[in-house]
Each structure stands twice: as structure tokens, then as C-alpha cells.
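Biologist: Please take a close look at the second largest pocket and set it in its surroundings. How many residues of each class does its lining have?

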Amino acid sequence: MKAAVIGLGWVAREVWLPRLVKHPDFDVVAVVEPRPEAVERAAALVGGAQVYGGFQELGPHEADLVFVLTPNHTHGALASHFLRQGLAVFLEKPTGTDFAHLRLLEDAARDGGGRLLLSTAARHRADVGELARLVSDGALGTPRHAELSWVRSRGIPGSDWFARRETAGGGVLVDLGWHVIDVLHHLWGASGVRHATALASSDFLTRAGWGADWHAGTAGLADADVEDQLTALVVTERYGMQLRFAWASHEPVDRTRLVLHGAEGTAELTTTFGFSPRRVDEPTLTLRQAGAERRVPLPPAGVGDEYDQQLDALAAELARPDATDRALREAREALAVVEACYRATSARWTAPETNS
């Protein structure tokens with residue numbers, strides 16, 4: 001497939017572009033980036049691809065698939081532009097920062113015929129795959145309660161737009177929480193939100209030295225107005241969720257935990273999502289049933305392998321006739337949890353719209 005990449009920020013240069021140029025299914029034919037310095041840094045990766053300064057310059061017949069890898073607040077407008085041209089669009093998370101963005105994408109796909117795919121790399125992790133196997137085999141039984149956390153030691157993103165509500169749509173909940181909530185929905189299915197109680201804080205954003213060193217981050221952003229930590233309890237129609245997400249903390253390592261309590265058993269996965277060098281020594285998956293506990297072997301996996309796995313599956317996903325409907329449904333389900341937590345904390349700059 002001929003691929004075009006919109007935006008040459010960190011996630012494009014460090015995550016997607018190196019994998020796209022090596023993957024046999026893709027030929028990167030164009031990139032769009034208004035900042036000359038970003039184009040220069042990525043030149044070694046994109047080779048002879050056509051470079052444009054604005055997304056309107058990319059013609060509808062130049063690419064088969066467009067990767068939209070830009071700041072959050074631009075996702076709706078950019079993705080809908082290409083969907084209206086009939087192009088397939090791969091959209092980095094979050095799909096949209098409010099439900100109006102999702103309706104924009106839905107209208108554009110319907111009018112133009114383009115197909116929408118979402119970045120869901122965490123689902124493709126090897127350790128998440130083993131957890132999914134326990135769920136599908138019935139080891140846990142009926143879902144009851146999930147404890148979900150992704151707590152970084154020092155990991156505030158380095159791009160300024162992450163720290164501003166206007167451009168990011170929220171803080172750590174939108175950034176890290178979206179991944180983990182999406183994984184839970186993938187494992188247990190989504191469930192309608194009935195109630196949420198949440199507490200958000202920002203203790204580290206204005207302090208220097210708490211940034212993600214793999215993301216060129218230093219933090220110390222004086223005008224930041226998003227949360228760097230969020231804790232929540234969410235009650236849905238089928239199960240409960242206990243959430244904790246933090247860009248920075250007093251922990252020695254970055255740790256991601258998914259604990260699924262079912263009527264027949266509990267599974268606990270402890271690992272590290274993302275690219276942080278401060279990782280747990282060894283990912284572990286434990287199954288507990290009727291007072292007995294056993295370790296579930298995990299296959300070897302490298303940091304970032306899940307992104308390669310998602311690219312491997314992309315052609316088959318694009319071929320699904322319900323690809324866009326499924327992507328939009330999953331986006332609504334994740335955003336419903338995010339919005340419920342923000343309503344409970346009043347952390348958003350405007351009253352969020354309900355999902356009707």
C-alpha cells in the first residue's frame with residue numbers, strides 16, 4: 001500500500017516511520033509537515049518521499065492509506081478531510097477529544113467512502129495476548145471488577161502541546177489511560193458507564209526534571225493546565241473499574257497493571273507499556289482460582305513489538321467491511337469512560353457533551 005504520513009513529531013519519527021519503511025506491505029510515498037527542522041530529522045527515514053508543508057497539498061490519488069500522527073486537537077479535522085476523499089485513514093489515539101469529533105469522522109466516512117482504523121497497538125502486545133487467552137478460555141468467568149493502572153516514574157511527554165487542554169484535550173487520562181481502557185474493552189467488552197468518581201492533580205508538570213527522557217522531555221511547563229495524575233472509580237452496567245494513571249510519581253520504575261477479577265478467577269498482569277527505559281524487571285501474569293495461584297508463561301517480546309504486530313494486521317483490518325463502524329464504536333466506548341472521569345473531576349475546560 002502507498003502510505004502517506006501526516007505529522008513528523010515524536011510518535012512518527014520514533015514509532016511508526018521506522019517500522020513503515022521496513023514493512024513489506026507499505027511504501028511511504030509522502031509526508032506532510034510544516035516545520036522544516038522536523039522534516040530534516042526524518043529525512044534519513046523517509047528517503048525519496050514527497051514532502052508537503054500542508055495536508056491539502058496531498059492529492060487523493062497519491063496514497064492508499066494516510067497515517068494521521070498529529071497533535072490531538074487536529075485529529076478530527078485532518079482525518080475527516082482524507083475520509084471525504086475516499087482514502088483509508090489510520091488515526092493515532094485519541095480518536096477525538098470530544099464526541100463532536102467522532103461525529104465529524106462518521107459523517108466524512110459516510111460521505112466520502114473512506115475507511116477508518118485506530119491505533120490500538122497495546123492490544124497486540126504478547127503479554128496482553130496471553131491475558132486475552134485466559135479470558136477467552138473462560139478462566140475468569142463473569143467480569144466483576146478491573147484494576148487498571150499505568151504509573152510512570154518520570155515520564156511527562158516532551159511536546160508542549162501535551163500539557164495544554166486546548167491542544168491535548170486532557171492530560172494523563174487521555175494519553176496513557178486511553179490505551180489501558182481500550183485494552184480492557186478489548187478483553188471484556190465495553191459496558192455503559194453508570195457513575196464515576198475521580199480525583200485529578202498536577203504535582204509534577206511545573207517541576208523541572210520529571211519529563212520523559214526518551215521523549216526529549218524536561219517538564220517544568222509553567223503554563224500547563226492538564227492533570228499529570230488521575231485516580232477514579234467507574235461503575236458500568238457490567239463491571240467496575242478502578243483506575244490510576246500518572247505521568248510521574250515517586251515509584252522507581254514505570255509499571256502497568258491489569259488485574260481482572262471474575263466470578264471464577266483473577267488474572268494479574270504486571271508489565272511496562274510504552275518505551276520507557278525504567279521497566280519492570282520481568283513481566284508477569286498470574287492466575288488465581290479457589291485459593292490456588294500459578295504463573296502463566298509469557299512469550300519473549302521486545303520493546304515496541306506491538307507496533308509491528310499492528311502493522312502486520314493492518315491489511316486484514318482494512319479489508320473488513322465494518323472497519324469504520326467498529327473503529328467509531330470503540331472510540332465512543334473509550335471516550336465515554338474518559339468523559340465520565342473528567343465530569344467527575346471538572347478537569348475539562350468546558351462541560352463535555354454526553355454520548356447520545
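Modeller: By class, the lining of the second largest pocket has 8 nonpolar, 7 polar and 7 charged residues (nonpolar: Ala, Val, Leu, Ile, Met, Phe, Trp, Tyr, Cys and Pro; charged: Asp, Glu, Lys and Arg; polar: the others, Gly among them). The model is predicted, with local features requiring pLDDT of at least 70 and side-chain atom pairs pLDDT 80 or more, while totals for chains, interfaces and linings use all residues. Residues are numbered from 1 along each chain as its sequence is written, and side-chain values use heavy atoms, without hydrogens or water.

The second largest pocket holds about 360 Å³ of space (an open set of 1 Å grid points over the protein atoms alone, with protein on both sides within 12 Å along at least five of seven lines; its volume is the space filled by probe spheres set on the points, which are joined across faces, edges and corners). Its lining consists of 22 residues (those with an atom within 4 Å of a point). Nearest the centre of this pocket lie Arg125, Asp127, Pro283, Ala301 and Gly302. Two elements, α5 (126-136) and α8 (305-319), give two or more residues each to this lining (helices are DSSP runs of H or I over at least four residues, strands runs of E over at least two, numbered from the N terminus). Of the elements, α8 gives the most, with 3 residues.

The largest pocket offers a point of reference. Its volume is about 860 Å³, and 43 residues line it. Trp10, Val11, Leu69, Trp161 and Phe162 lie nearest the centre of the largest pocket. Three helices, α1 (10-22), α3 (75-84) and α7 (172-188), each supply at least two of its lining residues; the greatest contribution is that of α1, with 4 residues. The class counts for the largest pocket are 21 nonpolar, 14 polar and 8 charged residues.

Enclosed space is a separate matter. Searching the whole structure gives 4 cavities of 30 Å³ or more (a cavity is a set of points where a 1.4 Å probe fits but cannot get out). The volume of the largest cavity is about 60 Å³. Ala121, Ala122, Trp150, His179, Phe273, Gly274, Glu306 and Tyr307 line the largest cavity, and this lining divides into 5 nonpolar, 2 polar and 1 charged residues. Glu306 and Tyr307 belong to the range of α8, the helix that gives the most to the lining of the second largest pocket. His179 lies within the range of α7, a helix that supplies lining residues to the largest pocket.

Trp150, also in the cavity lining, falls within strand β7 (residues 143-151). Strand β7 pairs with strand β11 (residues 255-262) in the antiparallel sense, over 8 bridges (pairing requires at least two DSSP bridges). Within this pair, Val151 stands opposite Arg255 in β11. Both strands belong to an open sheet of 8 strands with mixed pairing, in the order β8-β9-β10-β7-β11-β12-β13-β14. At its edges stand β8 (193-201) and β14 (292-295), each with a single partner strand, so one side of each has no neighbour in the sheet.

Parallel pairing also occurs. Strand β4 (residues 65-68) pairs with β5 in the parallel sense over 4 bridges, and Phe67 stands opposite Phe90 in β5. Strand β5 also pairs with strand β6 (residues 116-118) in the parallel sense, over 3 bridges, with Leu91 opposite Leu118 in β6.
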